[in-house]
Amino acid sequence: MSTQPVDRSDKSKRQRSYPSSTQSYSQYLADQTVKRPRFALSNSGSEIHDALSSGGLIGVFSEVENLLVGTPFSQLKAAFAEVDAIVQTMSMEERHSQELSSLMNKLIISIIQPIKDQRITRGTETTVDALTSDLTQIISEQRETVSNSRLYSSIIASNSEIFVNNLCGALDHALQNYMETSAVTEPEIIIEEVHQLAKATNLDTEALLDEARENRGRSIMIQQSIAGTETMLLTQAQQELLNKLPHANARYDSASRTDAPSCLENTRVTLLAEIFEWIRDPDNKQKIFWLHGLAGTGKSTIAHTVAKAIDEDDRLGASFFFSRDEADLRNPLLVIPTIALQLAEHLPEFKSCLAKSLEMRKDAGTASLSVQMKKLMIEPIREVERRLSSSIIVVVMDALDECENPQLVGSLMKLLLEFLLGHHTLKVKFFITSRPEHHISSVFKNPRTNEVSHPYILHNIETSIVQADIEVFLRHGLTKVADDFDLSTIANPWPSDNDVTNLVERSGALFIVASTAVKFIADPYIGQPNEQLRALLTNERVTGTSPYDDLDQVYYHVVRTSVGKFKKVDDFVCVRFRDVVGAIITVLDPLPASTLRSLLGCEIDYVSGALRLLHSVIVIPSDVASGTEPLRVFHLSFPNFLTERCEDARFAINPVLHHSYLAFRCLSILNDFLRRNILDLPDPLVLNEEVSDLKDRLSKVVLPHHQYACRSWGLHLHAALAALNEAGSSAHSVDHNSLEEINTKILSMLSNFCNSKLLEWFEVLSVLKCLDMGKPVLKAANEWLH
């Protein structure tokens, strides 16, 4: 290795700028913060990059020695000279050289350059003393090893990895120590800068100090500066690894949750107070708050409220709101990578540690849950834990029960609990909501988990407290309905107190009953709100043992209204209801009405006609025919009612038959659509990336329903098989004659597909960039055949 001299002759470039006599300190500070991070890469910092590219590691060590000339830290300078001498004798692997170069670069920017600029604090002194001691010990051990060996070069070669690892550990420890101590002494730096500025500009020192103290944005600017520095210190390769990490758009405020409700003012007061107290308490060792309750008790609304509040308080580290509607939002293998990426954006310290962990295991994002937990959460958190601020940050996970694959969900919770059991002082907490499903509740029933978890049963709250909140909700919602429809001429007030009390009683402890009732009453496609309210209240209440009796009665009234006077199972309107609504609740991803009608092979009027009176239970866009917004249910309890508890054959949806029918429709579409060279390329042997207009060709030929059929036919077969195994617990059994009929059709379609369309199918998967789905789809089909 050769040393390249570094030109440091132009010292003027490193002179600090000061505010003019007419510029306030806060203005100057804001300008400087925008221009550079707190640990700015000054001219000498740029020279370090030159040294790295030209002189390698020796250039870096030489630069450190030069920067320490004339400073009080001569012992550190001497230690680096010794390290320099040792490194010159070594033949170092490239990965060791890169790691050491990265750490040295960080050290110069954050510690050495400030020393040269005479920005020395107690934190600097503590860090330098510890680093000098560590380096002296490492050098001593290395010299002793070499002097005791007759094979000097051999020992150097074999011992170089140990030496470099020890050296990297010392540098990393110094950087961590400096982050801790510099955060404590930040006020000293600010005050010292103010005094220096005052001397340079003859300004009033106390006035400047007052202005600095009053600048409430200072802490935010410091955080932004640190974040900028940490981001700057990531290599391009590290940033690319972070960018490639698979993740879901699962934040509480994502585009798909634009209309997600929060708790109304003066509702859930006691519960929210308990949650926020748990968040704020730094001594509480229960790192998980598990809020669980029956469907429709308001868990997601509470989770959204908590996430929004702590986000505004800058305590939200990450959020993952699960949904069965979207593949990414129900995929357990995307949970940890998504949370890790969000934590990296919130915590710059974590970001650099996550990047380093990904360098060691580049496929961690697609590995097993245990590897993901270790590489993307445990190792980065362990490394950064001591550098986190004293503030608690929270990860919010809502509707965990909507995550598919119960076995993996259970494993995910076990891994998280095991990690938290060994980290009682961790400043990260997890707020989780779910239904009390067995695969989740069984994990929390383990006695060991009581140390780190705080279960809270939502549906066990005293009914009178819940109903008081439901009354607030109903009065708020129905007042808006009265204003929108100008109902003051009908009754004043509308609704009456008796009507509200009646609706509250019918809601029981389920917010979803009240929510659905308000939507039904406000649906302009059905009739006048006062008539719809009266229709709901005149229904005789069903008094049973199920907690969903009141909810089921509201849902039954909604679907019965949608078919009007038609009473027979095979009436056109009832068949249409089952076809369309059954497809909406069984498709694997929500589809727009235009795509759904192509999948079903029907006219758009068939779809829109079935949905016309179902606005209270299904999200229906205003432009059904040509809109791109997907059709989705408001709440999972509605498909639960239709598939599990509805005893009226006109509306009952059988998942086995519907998944089987959708698999048949997918195969039918593919058999008609697939052909060789589907994109009509001049040369079908070219690679996808070599086709400049690939995206345009794809959008014109492979339409949305083709894409869905390609990805989903085998998965629908798998879902049909799973539903068949669970059919014994449903309210209505499977019609085996109908099932045998549809299965015969599927076998015929599948035989044709495998014999003549299989390669063409893989071609389309390739251009759709989802070739990896081929294996699970074929595996699912094979399981169905057996």
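What follows is a chat about the sheet and the overall make-up of this predicted model.

Colleague: What makes β2 and β3 a pair?
Modeller: Two strands pair if at least two bridges are found between them. β2 and strand β3 (residues 393-398) have five bridges, in the parallel sense, so they count as a pair by that cut-off. For a spot to look at, A318 stands opposite V395 in β3.

Colleague: Which strands make up the open sheet, and in what order?
Modeller: Five strands, running β2-β3-β4-β1-β5, with parallel pairing. The twist from one strand to the next averages 10°.

Colleague: Why are β2 and β5 called edge strands?
Modeller: Pairing takes at least two bridges between two strands. β2 (316-321) and β5 (453-457) each pair on one side only, and they stand at the two ends of the order β2-β3-β4-β1-β5. That earns them the edge label.

Colleague: What does helix α17 touch in the sheet?
Modeller: Helix α17 (residues 406-421) touches β1 (288-292), β3, β4 (428-434) and β5. Touching here means heavy atoms within 4.5 Å, so α17 is said to pack on the sheet through those strands. Its direction makes about 150° with that of β4.

Colleague: And the protein chain as a whole, how many helices and strands does it have?
Modeller: There are 33 helices and seven strands.

Colleague: How do you know what share of the residues is buried?
Modeller: A residue is buried if its relative accessible area is under 20%. Of the 786 residues in the protein chain, 52% are buried. The protein chain still exposes about 37200 Å², and carbon and sulfur atoms supply 50% of that.

Conventions. Residues numbered from 1 in each chain as written. Predicted model: local features only at pLDDT ≥ 70, side-chain atom pairs only at ≥ 80, totals over all residues. Heavy atoms only, no water. Helix = DSSP H or I, 4+ residues; strand = E, 2+ residues; numbered from the N terminus. Axes fitted to C-alpha atoms, helices over the stretch in contact; angles between N-to-C directions. Buried < 20%, exposed > 50% of the residue type's maximum accessible area, 1.4 Å probe, protein only. Areas by Shrake-Rupley, 256 points an atom, 1.4 Å probe, with all protein chains shown as cover.
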